[in-house]
Amino acid sequence: MSVHLRAGGPRAWRPVAAALLVALAGLAGCSADPGPAPPPGPVAPAAAGPGAGSPLPGMPPVTNSHNVYADAGAGMLSDAAKAAKPLVYVPHTKSGDVWVIDPATFAVVGKYRLGGELQHVVPSYDMKTLYASDDTTNKVTPFDPTTGKPGANIPVTDPYNMYFTPDGTSAISVAEERKRLVFYDPHTWKEQQELLTPDCAGIDHADFTPDGRTAVFTCEFAGRVAVVDIANRKLLRMIDLPTRNTMMGPQDIKLAPDGSVFYIADSQQNGVWVLDGAATRVLREIPTGLGAHGLYLSRDATRLFVTNRREGSVSVLDAYTGAVITKWRIPGGGSPDMGNVTADGRQLWLSGRYDRVVYVLSTTDGHLITKIPVGNGPHGLCVWPQPGRYSLGHTGITR
């Protein structure tokens with residue numbers, strides 16, 4: 001989520017919302033920690049729907065129906081990913097630059113002033129390019145992952161976030177301020193189509209059904225999600241969440257490995273909603289921690305890491321059942337936001353959104369390996385390379 005003011009748009013409420021939520025977090029911190037939430041009940045089976053149909057033409061086949069991420073296991077690098085220099089890219093919303101970190105030494109090896117409000121660094125579908133998205137000056141800046149250096153800016157409408165259709169035919173700019181999705185040719189960057197989402201204020205994060213035909217986008221300022229037909233580029237339906245949080249509501253979303261459910265982090269709700277795999281109804285809620293925000297899978301896709309940005313912690317869930325396994329707390333607190341797991345699966349890198357740092361955690365036991373000072377407002381950092389055959393975007397959703 002961004003924090004700058006823009007007259008007349010929902011972003012103007014963000015600083016106020018953040019202040020209110022920080023105040024609430026302080027009050028919550030005065031009470032005793034209730035400990036891990038009890039394990040949730042069994043997940044209801046997904047109804048037959050989009051995830052169970054024939055795959056989107058041109059999409060690489062799902063090789064394991066029990067784990068759609070089976071081809072993104074530890075070390076399973078494509079040729080393009082193998083050619084990349086291992087680096088971590090940190091975009092900053094306030095200082096308008098991308099810092100580049102060597103993950104072997106934790107040293108900052110590059111700083112690139114690009115201007116604007118940089119939100120995410122997004123891997124391209126073919127994994128040959130990384131794009132730093134800037135939604136205030138309407139551009140993306142390509143980075144060459146073999147050198148770690150930026151290229152010439154590309155005009156793109158309001159790219160708060162960016163995804164790629166599972167068949168690789170389109171890049172999708174998630175134009176949050178304009179309440180729409182803008183489809184582009186991912187090679188020429190010629191605009192293909194716009195899809196209006198007028199009832200999805202704060203549209204920002206997405207994930208796709210196993211067959212690639214349907215995407216679910218979260219609506220941060222509307223307390224709902226938008227379900228989109230990718231094949232026909234149509235809005236299918238809106239689904240209200242049981243509690244419609246509209247200041248800092250639904251954020252990141254992640255498909256369960258078997259496609260049975262979608263997990264939706266809701267910062268205001270302090271937990272995760274569970275949407276059925278057909279994207280028709282909300283099944284239940286999983287409390288995690290204050291400011292639930294980012295969702296990342298372990299490299300074997302058995303655990304789901306939930307960043308709790310307002311309490312400086314990461315909740316660890318069973319990726320299939322949603323059962324709470326444990327919670328890792330960052331010493332001294334912090335604001336873990338966006339990031340990813342390393343290619344070998346051993347580390348979880350996260351931006352410290354309000355603390356000008358990057359956290360590196362062990363995925364074995366959650367201990368803090370190091371804390372790296374960075375610029376102002378670190379957001380959607382990208383750990384590269386990532387395993388997998390193709391990228392769906394964001395900070396590295398690969399399958």
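Which residues do ring pairs link into a cluster? Here are some notes on that and on the rest of the fold.

1. **The aromatic cluster.** The answer to the opening question is Y89, Y112 and F143, which ring pairs join into a cluster. Please keep in mind throughout that this is a predicted model. The structure as a whole holds eight aromatic pairs. One of them is formed by Y112 and F143, edge-to-face, with 5.9 Å from centre to centre and 75° between the planes. Y112 belongs to strand 3 (residues 107-113) and F143 to strand 6 (residues 139-144), so this pair ties together parts of the chain that are 31 residues apart in sequence. Y112 has a relative accessibility of 17% and therefore counts as buried. F143, at 1% relative accessibility, counts as buried as well.

2. **Another aromatic pair.** Y163 and F217 also form an edge-to-face pair, with their centres 6.2 Å apart and 85° between the planes. This pair links distant parts of the chain, as Y163 lies in strand 9 (residues 161-164) and F217 in strand 14, 54 residues apart. Is Y163 buried or exposed? Y163 is buried, and F217 is buried too.

3. **The disulfide.** A search of the whole structure turns up one disulfide. Its partners are C200 and C219, with their sulfur atoms 1.9 Å apart. C200 sits in the loop between strand 12 (191-196) and strand 13 (203-208), while C219 is in strand 14 (residues 214-219); the two are 19 residues apart, and the pair links distant parts of the chain. Why is this disulfide left-handed? The torsion about the S-S bond of C200 and C219 is about -100°, so the disulfide is left-handed. Both C200 and C219 are buried. Should you be looking at other cysteines, C382 has 0% relative accessibility and so counts as buried.

4. **Overall make-up.** How many helices and strands are there in the protein chain? The chain has two helices and 29 strands. Of its 399 residues, 61% are buried. Contacts across the sequence are worth a look too: among those between residues at least 6 apart in sequence, 51% join residues at least 24 apart.

5. **The sheet of strands 17 to 20.** Four strands form an open sheet here, in the order 17-18-19-20, with antiparallel pairing. Its edge strands are strand 17 (250-255) and strand 20 (282-287), each of which pairs on one side only. From one strand to the next, the twist averages 25°. Within this sheet, strand 19 (residues 271-276) and strand 20 run antiparallel and are joined by five bridges. To find your way along this pairing, start from V272, whose bridge partner in strand 20 is I286.

6. **The sheet of strands 25 to 28.** Another open sheet is made of four strands in the order 25-26-27-28, and its pairing is antiparallel. Strand 25 (336-341) and strand 28 (368-373) are at the edges with a single partner strand each, so one side of each has no neighbour in the sheet. On average, neighbouring strands of this sheet are turned by 20° against each other, direction ignored. Strand 26 (residues 347-352) and strand 27 (residues 357-362) run antiparallel, with six bridges between them. In strand 27, V360 is the residue that stands opposite W349.

7. **A hairpin to look at.** Strand 15 (residues 224-229) pairs with strand 16 (residues 234-240) in the antiparallel sense, over six bridges. V228 stands opposite L235 in strand 16. The two strands, 15 and 16, form a hairpin with four residues between them. In the turn, R233 has a positive phi of about 55°.

8. **Where to take care.** The mean pLDDT of the protein chain is 90, and 87% of its residues reach 70 or more. Which residues stay under 50? Residues 1-10 do, and the model has 39 contacts for them beyond four places in sequence. Residues 12-51 also have a pLDDT below 50, and this stretch has 54 contacts in the model beyond near neighbours in sequence.

Key:
Residues are numbered from 1 along each chain as its sequence is written. This is a predicted model: local features need pLDDT of at least 70, side-chain atom pairs count only at pLDDT 80 or more; totals for chains, interfaces and linings use all residues. Side-chain values use heavy atoms; hydrogens and water are left out. Two strands pair if DSSP finds at least two bridges between them. Axes are lines fitted to C-alpha atoms, for helices over the stretch in contact, and angles run from 0 to 180 degrees between N-to-C directions. A disulfide is a pair of cysteine sulfur atoms within 2.5 Å. Buried means under 20% relative accessible area, exposed over 50%, partly exposed in between (1.4 Å probe, protein chains only). pLDDT is the predictor's confidence in each residue, from 0 to 100. Contact means heavy atoms within 4.5 Å. Rings of Phe, Tyr and Trp (its six-membered ring) pair if their centres lie within 6.5 Å; planes under 30 degrees apart count as stacked, over 60 as edge-to-face and the rest as tilted.
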